Amino acid sequence: MTVAKYLGLLAAVALTSACRSEPAAPPASSESPAPAAAPASPPPSAGGPRVFFVEPQDGATVKSPVHLVFGIENFEIAPVPAAPVEAVRPNIGHHHVGVDTDCLPPGTEIPRASPWVHFGKGDNMIDMQLPPGPHKLALEIGDDKHTTIAGLCSTISITVAP
């Protein structure tokens, strides 16, 4: 099947699916099926950097341990350099998660204690034990000196089921 025919078939299936109340059947083909789509993430930004939770979604009810996955656009995540940091690297930072707290003001050093968890190795996920009940999670980017960066914080609310 040529690329043009495949794209035409894909467009027709998409239009048909959008107008139906039940899922459309996949097109019959002797070729291998397309890979599964990635989980939905927030829409792309208009060029500026942004940070967001990939998992869980805002408003989700989850079980503990809570699987957290972080996303970033137009910004580089990297491990914090070893030894004392004299100068921060521009447009490079790492994730921090605050539990039951808000975003910190830009230019604030992120505490290295509760309620903040640092991901200085450049990690982008964790399985976190949280008690049952509602929780607010703040995902904040810090530079090499753990200082917050304007516009690089996102919050979600979740409920941990008993």
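User: Before we turn to the cysteines, what do buried, exposed and partly exposed mean here?

Analyst: Relative accessible area, computed with a 1.4 Å probe on protein chains only, sets the classes: buried is under 20%, exposed is over 50%, and what lies in between is partly exposed. The model is predicted, so local features need pLDDT of at least 70 and side-chain atom pairs count only at pLDDT 80 or more, while totals for chains, interfaces and linings use all residues. Residues are numbered from 1 along each chain as its sequence is written, and side-chain values use heavy atoms, with hydrogens and water left out.

User: How does cysteine 103 count by its relative accessibility?

Analyst: Cysteine 103 lies in the loop between strand 5 (92-99) and strand 6 (116-118), strands being DSSP runs (E, at least two residues) numbered from the N terminus. Its relative accessibility is 33%, and therefore cysteine 103 counts as partly exposed.

User: What is the handedness of the disulfide formed by cysteine 103 and cysteine 153?

Analyst: The sulfur atoms of cysteine 103 and cysteine 153 are 2.0 Å apart, where a disulfide requires a pair of cysteine sulfur atoms within 2.5 Å. Because the torsion about their S-S bond is about -90 degrees, the disulfide is left-handed.

User: Which residues does asparagine 91 contact, leaving aside its neighbours within four places in sequence?

Analyst: Asparagine 91 is placed in the loop between strand 4 (76-77) and strand 5, and at 57% relative accessibility it counts as exposed. With contact meaning heavy atoms within 4.5 Å, the partners of asparagine 91 beyond those neighbours are Phe75 and Glu76.

Definitions and conventions. Helix = DSSP H or I, 4+ residues; strand = E, 2+ residues; numbered from the N terminus.
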